[in-house]
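Q: Please take me through this model by asking, for each label attached to it, what justifies the label.

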Amino acid sequence: MAVRWIVVFALSFFMLAGCGEKESNVGIESPDGKAVDFKPGSVVCPQCHMDVKSLTDSAELVRDGKVTVFDDPGCMVLWMDAHHIDPKSVKLWVYTRDTHRWVDATKAHYSQTDPTPMGYGFGAYEKAAPDRIPFEEMRLRVLRGLTLKDPKIRKKLLGY
């Protein structure tokens, strides 16, 4: 009977040890406050706990040289709110869909209807367009729940 428990314990230990392979945003640094490229699939979003599978739609928060990576701009907004972080007190970056590079998240323009990893719909763009909104409006919509996750908003914006 004791051997059985030892085997169960050993297997549990190895399964849990395998979960630690992802960086989980620990140890990513940016002394100059700039965005940092990362290997997709190697980082976990601290808000939704999903793997960050692509640079596209990802966002980064840099505070005191430490980088926190998110898979969706909506996740970044919700995480900052939960941790009482003022957007003006940190450096925020998003990877844009149009120019495929990191830009200041507060200066980016956001679609409301893009298929983003967590379904909020706010794809980031460097270039303005009539149907895109500024950072602060995107932030307020996320905080109020006015995203594609809401069936009424999805119907209004996408027709279904």
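A: Contact here means that heavy atoms lie within 4.5 Å, and the model to which this is applied is a predicted one. Leaving aside its neighbours within four places in sequence, Phe 70 meets that criterion with Cys 45, Pro 46, Val 52, Ser 58, Ala 59, Leu 61, Cys 75, Met 76 and Trp 79.

Q: What places Phe 70 in a wider nonpolar setting, and which elements contribute to the largest nonpolar core?
A: The largest nonpolar core has 36 residues, and Phe 70 is listed among those with the most contacts inside it, together with Leu 61, Met 76, Leu 92, Val 94, Tyr 110 and Met 138. Two or more residues each come from strand 1 (59-63), strand 2 (66-70), helix 2 (73-82), strand 3 (91-95), strand 4 (102-104) and helix 3 (135-144). Helix 2 gives the most, with five residues. In soluble globular proteins, nonpolar side chains tend to be buried together.

Q: Why is Asp 104 called buried?
A: Buried means under 20% relative accessible area; Asp 104 has 16% relative accessibility and therefore counts as buried.

Q: What makes the pairing of the side chains of Asp 104 and Lys 91 a polar contact?
A: The limit for a pair of N or O atoms is 3.5 Å, and the side chains of Asp 104 and Lys 91 make their polar contact at 3.0 Å, so the value falls within the limit. Asp 104, which belongs to strand 4, also touches Leu 92 and Trp 93, residues up to four places away in sequence not being counted.

Q: How do you know that strand 5 and strand 6 are paired?
A: Pairing requires at least two bridges between the strands, and two bridges join strand 5 (residues 109-110) to strand 6, the two running antiparallel; the requirement is therefore met. Within this pair, Tyr 110 has Ala 124 of strand 6 as its bridge partner.

Q: Why are strand 6 and strand 7 called edge strands?
A: The open sheet has three strands in the order 6-5-7, with antiparallel pairing. Strand 6 (124-125) and strand 7 (133-134) each pair on one side only.

Q: What makes Asp 150 a cap, and what follows helix 4?
A: A side-chain oxygen of Asp 150 lies 2.8 Å from the backbone nitrogen of Lys 152, and Asp 150 thereby caps the N-terminal end of helix 4 (residues 151-158). After helix 4 comes Gly 159, with a positive phi near 85 degrees.

Definitions and conventions: Residues numbered from 1 in each chain as written. Predicted model: local features only at pLDDT ≥ 70, side-chain atom pairs only at ≥ 80, totals over all residues. Heavy atoms only, no water. Polar contact = N/O pair within 3.5 Å; in protein donor to acceptor, adjacent residues only side chain to side chain. Helix = DSSP H or I, 4+ residues; strand = E, 2+ residues; numbered from the N terminus. Core = buried A, V, L, I, M, F, W, Y, C linked by side-chain atoms within 4.5 Å. Buried < 20%, exposed > 50% of the residue type's maximum accessible area, 1.4 Å probe, protein only.
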